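Dear colleague,

I am handing over a structure that you have not worked with before, and I would be glad if you could look through it with the notes that follow.

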Amino acid sequence: MSGNNAPNQSSPSVDVGSMSAMKSSSRTAPPTPSRDGIHLIPTNPIQYDVNLSSKFTDITYQVSTTDQCARIAFNRPEVLHAFRPRTINEVRKALELATDDTRVGVILLT
């Protein structure tokens, strides 16, 4: 047996894109584009075409009808986005709006 780290030619090859390869304890395994379906994630940013933020003061609420996504974002930078009762009530109301909206399939809370 030689001292090099060459793979054994008699052993079956490992598909590095498989889930079993992902669970490998090797920290040096190179990433592959097909690992865990990363290639399925779109690279273009979401374009929000419906802005309902005027109904709220502590949050912003936007909807993308093409991506079927609603985005609820905290909008109190002057106090580091700290919550107050009004913030919680607005988030609750925005979640209700997004849940009832048939154009929304995913809700992003940020």
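In which strand does L108 lie? Residue L108 belongs to strand 4, which covers residues 106–109. Please keep in mind while reading that this is a predicted model, and that the values below were computed from it.

To begin with the whole chain, its secondary structure comes to two helices and four strands, and from the N terminus on these elements run α-β-β-β-α-β. Of the 110 residues of the chain, 25% count as buried, while the accessible surface comes to about 8400 Å², with 56% of that area belonging to carbon and sulfur atoms. Among the contacts in the chain with a separation of 6 or more, 38% are accounted for by residues 24 or more positions apart.

The four strands form an open sheet in the order 1-2-3-4, and the pairing is mixed. Its edge strands are strand 1 (50–51) and strand 4, each of which pairs on one side only. In general, the strands of a sheet pair through backbone hydrogen bonds, either parallel or antiparallel. Going across this sheet, strand 1 and strand 2 run antiparallel and are joined by two bridges, with N51 standing opposite Q62 in strand 2. Strand 2 and strand 3 are also paired in the antiparallel sense, over six bridges, and here the bridge partner of Q62 in strand 3 is R71. These two strands, 2 and 3, form a hairpin with four residues between them, and Q68 in the turn has a positive phi of about 50°. Strand 3 (residues 69–74) then pairs with strand 4 in the parallel sense over four bridges, and the bridge partner of I72 in strand 4 is L109.

Strand 2 deserves a careful look, because six of its six residues are buried, so that it is largely enclosed by the rest of the structure. Its residues I59, Y61 and V63 point one way, whereas T60, Q62 and S64 point the other way, and all of them are buried.

One residue of strand 2 (residues 59–64) that I followed further is S64, which counts as buried because its relative accessibility is 0%, under the 20% cut-off. A polar atom of the S64 side chain lies 3.0 Å from the backbone oxygen of Q47, and the side chain of S64 also reaches the backbone nitrogen of D67 at 3.2 Å. Leaving aside residues up to four places away in sequence, S64 touches I46, Q47, Y48, D49, C69 and R103.

On the surface, I46, V106 and L108 form a nonpolar patch, with about 210 Å² of accessible area together. Within this patch, L108 is partly exposed, with a relative accessible area of 34%.

Finally, the loop between strand 3 and helix 2 (85–100) contains L80, and H81 is found in that loop as well. As background, most residues other than glycine have a negative phi. The phi of L80, however, is near 55°, a positive value, and H81 has a positive phi of about 60° although it is not a glycine. Is L80 buried or exposed? With a relative accessible area of 76%, L80 is exposed, whereas H81 is partly exposed, at 35%.

With kind regards

Methods. Residues numbered from 1 in each chain as written. Predicted model: local features only at pLDDT ≥ 70, side-chain atom pairs only at ≥ 80, totals over all residues. Heavy atoms only, no water. Patch = residues over 30% accessible without salt bridge, like charges linked within 9 Å, V, L, I, M, F, W, Y side chains within 5 Å. Areas by Shrake-Rupley, 256 points an atom, 1.4 Å probe, with all protein chains shown as cover. Salt bridge = Lys/Arg side-chain N within 4 Å of Asp/Glu carboxyl O. Buried < 20%, exposed > 50% of the residue type's maximum accessible area, 1.4 Å probe, protein only. Polar contact = N/O pair within 3.5 Å; in protein donor to acceptor, adjacent residues only side chain to side chain. Contact = heavy atoms within 4.5 Å. Pairing = 2+ DSSP bridges.
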